[in-house]
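Subject: Structure handover

Dear colleague,

Here is the structure I said I would pass on. My notes on it follow below.

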Amino acid sequence: TLDFKFLLKPKDAADPCIIEEGPTRHLTGGMLEGDVRTAWFKLNGEHEALEFRVFNKADIVSPLDLAASWRVFKENFQPSKVRGIPDISINVAPAHGTEDGSSASLELDLEHYVVPTPTAPPSEYAANLAANPASLIQTGALWTNDVLLSEGIQSPSSACASADFDDHNYHKKDNVASSADSLKKLQVSGIIESKSVDTFTTLQNQDEQKLFIDRGVGGTKLGKSASACSLASGFNFGTGKAMPEAAGAVAAAAVADRLHGSKEDRKLAIVLVGLPARGKTFTAVKLTRYLRWLGHETRHFNVGKYRRLKHGSNQSADFFRDDNPEGIEARNEVAALAMEDMIDWMHGGGQVGIFDATNSTRKRRYMLMKMAEGNCKIIFLETICNDQNIIERNVRLKIQQSPDYADMPDYEAGLQDFKERLENYEKVYEPVQEGSYIKMIDMVKGQGGQLQVNNISGYLPGRIVFFLVNSHLTPRPILLTRHGESLHNVRGRVGGDTVLSENGELYSKKLSNFIEKRLKSEKTASIWTSTLQRTILTASPIVGFPKIQWRALDEINSGVCDGMTYEEIKKVMPEEYESRKKDKLRYRYPRGESYLDVIQRLEPVIIELERQQAPVVVISHQAVLRALYAYFADRPLREVPDIEMPLHTIIEIQMGVTGVEEKRYKLMD
């Protein structure tokens with residue numbers, strides 16, 4: 001029963017509400033008790049009154065819907081079955097009996113359960129995955145954040161491309177020269193700097209383009225002109241690509257940097273330095289993947305890819321000699337072209353460029369610093385390795401995978417040529433001592449190394465340092481799996497904290513048997529779960545490994561929609577349903593979270609997964625595992641909400657020197 005009175009609220013004034021006259025009303029069982037009398041209100045004391053009719057409207061609820069809602073309501077008051085389990089625990093004996101062990105056992109070899117991966121991460125040579133050389137591929141190339149377009153080719157996202165570029169001084173190349181005769185040479189501190197002869201045109205800012213302000217609660221977006229986004233100080237946030245596609249700390253830091261930092265500091269170039277076979281490209285690929293996942297537009301520019309495209313992939317060690325002026329000029333030329341392309345891409349909305357080359361002399365680095373003036377901030381990242389075993393392993397991988405040695409008659413011939421190339425670089429190598437830099441010294445193994453920093457400040461450089469401190473190349477598997485089927489899964493309800501269904505309990509036992517077989521040769525491993533009971537119960541049969549509960553691994557918070565079905569959301573909150581349907585990545589449940597929020601709280605999990613040197617089993621939820629998988633598979637953020645993450649399936653991510661490999665096991669339907 002609800003006791004209440006009606007309030008009369010002035011429509012266009014801030015005056016207080018007026019309480020209706022007469023006795024308190026009673027609402028019982030969806031109906032008003034007694035006569036449905038009119039409601040009247042006194043205005044201006046006793047001299048004026050308003051009278052309103054009152055009527056009752058009730059929705060008819062089917063007995064089945066009412067029973068389902070009542071069951072969910074009662075389940076919310078049931079005590080948790082995992083309340084007594086500490087955040088860190090380890091089972092020394094099976095938690096379940098063996099009476100039904102036959103149905104949960106895995107008698108066959110684990111390979112029997114392998115299923116195809118929907119989109120396996122690429123396994124080709126890492127440098128080939130870097131950005132395509134715009135200066136060398138086609139004329140009239142335009143950078144976007146996702147693809148390289150040429151004039152006359154329609155982009156799938158061309159409808160929004162003009163709005164995305166409006167707030168940048170974007171430059172379009174009308175003509176790109178590809179021959180040595182078309183290069184102009186600039187004398188800079190005794191350095192020959194090669195640049196393409198280009199004509200630039202500027203796309204003018206169009207005030208009529210619409211920017212969208214996200215209310216953050218999943219409602220409709222409000223259109224606003226670009227000029228209306230300017231602050232009183234003249235600062236303009238520009239379009240979405242001017243800022244990282246992120247939430248939380250990343251977004252706050254980006255706003256602060258744009259408010260208080262210089263224009264040059266808004267774009268960041270990480271310039272790799274180091275001898276060949278020291279892990280530069282591998283580091284560049286990992287760093288690119290991490291920054292993209294955080295929401296920063298990041299691109300990997302590999303100078304070796306430019307060199308192979310312009311001068312061929314069959315250059316011998318003589319090409320890299322320090323007494324070969326033609327070779328030096330050719331290498332500086334492609335380095336300048338790659339730097340130009342990176343700066344051009346930044347003008348088009350890119351935020352962080354990873355410039356991957358040896359850059360082993362001060363002259364080369366000063367050339368790059370001169371080109372970066374007024375365009376971006378440079379941080380040198382030097383990789384130093386003194387472990388001969390690691391160097392020899394990297395050399396073998398280089399000869400086996402690099403296009404430079406694809407035409408070599410045999411391995412030994414390639415090995416001899418690469419050793420000569422390495423000697424040529426060692427003769428002229430000069431360690432970094434200028435500008436802002438990070439030195440990674442013998443950090444491949446993840447222990448016993450050093451990381452030196454000089455003149456590093458700002459949120460993003462700080463995150464990069466923190467990431468590099470925790471990165472290493474030790475091979476180990478990471479197993480991702482959703483919890484066993486829960487009661488809410490059976491009923492199609494969102495969120496909640498229900499227990500497992502019968503199928504879910506069976507999967508928990510099969511998972512335990514799988515982990516026992518898969519990790520039997522490992523000295524140690526750990527099991528990570530969320531704090532919700534369906535993941536803790538899924539992990540309960542696993543014995544012999546420590547289990548850690550992470551609140552960061554909890555399912556996406558569905559706010560006021562928690563416990564509802566999508567059909568109920570569509571019926572009760574149609575605007576929210578449509579908003580989520582239009583943009584699942586940015587949509588935030590009322591009083592809940594968006595996928596971008598989930599990614600932000602998962603960053604400590606990613607850092608710890610990178611730091612771990614032993615296998616880790618992550619038992620979590622669909623939205624969380626989509627975000628984690630997107631990191632390892634280097635999937636664009638816009639694809640995260642639609643990544644396939646089925647129940648009762650294990651995704652094995654193998655991390656090591658060759659990159660990321662994936663395998664999937666389906667234990668039951």
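Accessible areas here come from the Shrake-Rupley method with a 1.4 Å probe. On that basis the accessible surface of the protein is about 32700 Å², and 52% of this belongs to carbon and sulfur atoms. Please keep in mind that this is a predicted model.

The protein has 669 residues, 50% of which count as buried. It contains 19 helices and 29 strands. Of the contacts between residues at least 6 apart in sequence, 68% join residues at least 24 apart.

The six-stranded sheet

One open sheet has six strands in the order 19-20-18-21-22-23, and its pairing is mixed. Strand 19 (298-302) and strand 23 (450-454) are at the edges with a single partner strand each, so one side of each has no neighbour in the sheet. From one strand to the next, the twist averages 15°.

Two helices that pack on this sheet are worth listing. Helix 7 (residues 303-311) touches strand 19 and strand 20, and its direction makes about 50° with that of strand 19. Helix 8 touches strand 18, strand 19, strand 20 and strand 21 (377-384), with its direction at about 170° to that of strand 20.

Strand 18 (residues 268-273) runs parallel to strand 20 (residues 352-356), and four bridges join them. Strand 18 also runs parallel to strand 21, here with six bridges. In strand 20, V352 is the bridge partner of L268. A269 stands opposite G353 in strand 20 and opposite I378 in strand 21.

Strand 18 is largely enclosed by the rest of the structure, because six of its six residues are buried. Both of its faces are covered: L268, I270 and L272 are buried on one side, and A269, V271 and V273 on the other.

R331

R331 is located in helix 8 (residues 325-347). Is this arginine buried or exposed? The relative accessible area of R331 is 14%, and buried means under 20%, so R331 is buried. Apart from its neighbours within four places in sequence, R331 is in contact with F319, F320, R321, R364 and Y425. V303 is 28 residues away from R331 along the chain, and their C-alpha atoms are 8.6 Å apart.

The eight-stranded sheet

A further open sheet has eight strands, ordered 8-26-25-27-24-28-29-9, again with mixed pairing. Its edge strands are strand 8 (88-90) and strand 9 (114-115), each of which pairs on one side only. Strand 28 (residues 649-656) pairs with strand 29 (residues 659-666) in the antiparallel sense, over eight bridges. Within this pair, I650 stands opposite Y665 of strand 29. Helix 19 (residues 622-633) packs on the sheet, where it touches strand 24 (476-482), strand 27 (616-620), strand 28 and strand 29. The direction of helix 19 makes about 150° with that of strand 24.

A surface patch

W70, F73 and F77 form a nonpolar patch on the surface, and together they have about 390 Å² of accessible area. F77 lies in the loop between helix 1 (63-75) and strand 8. With a relative accessibility of 61%, F77 is over the 50% cut-off and therefore counts as exposed.

Regards

Methods. Residues numbered from 1 in each chain as written. Predicted model: local features only at pLDDT ≥ 70, side-chain atom pairs only at ≥ 80, totals over all residues. Heavy atoms only, no water. Pairing = 2+ DSSP bridges. Contact = heavy atoms within 4.5 Å. Axes fitted to C-alpha atoms, helices over the stretch in contact; angles between N-to-C directions. Patch = residues over 30% accessible without salt bridge, like charges linked within 9 Å, V, L, I, M, F, W, Y side chains within 5 Å. Salt bridge = Lys/Arg side-chain N within 4 Å of Asp/Glu carboxyl O. Buried < 20%, exposed > 50% of the residue type's maximum accessible area, 1.4 Å probe, protein only.
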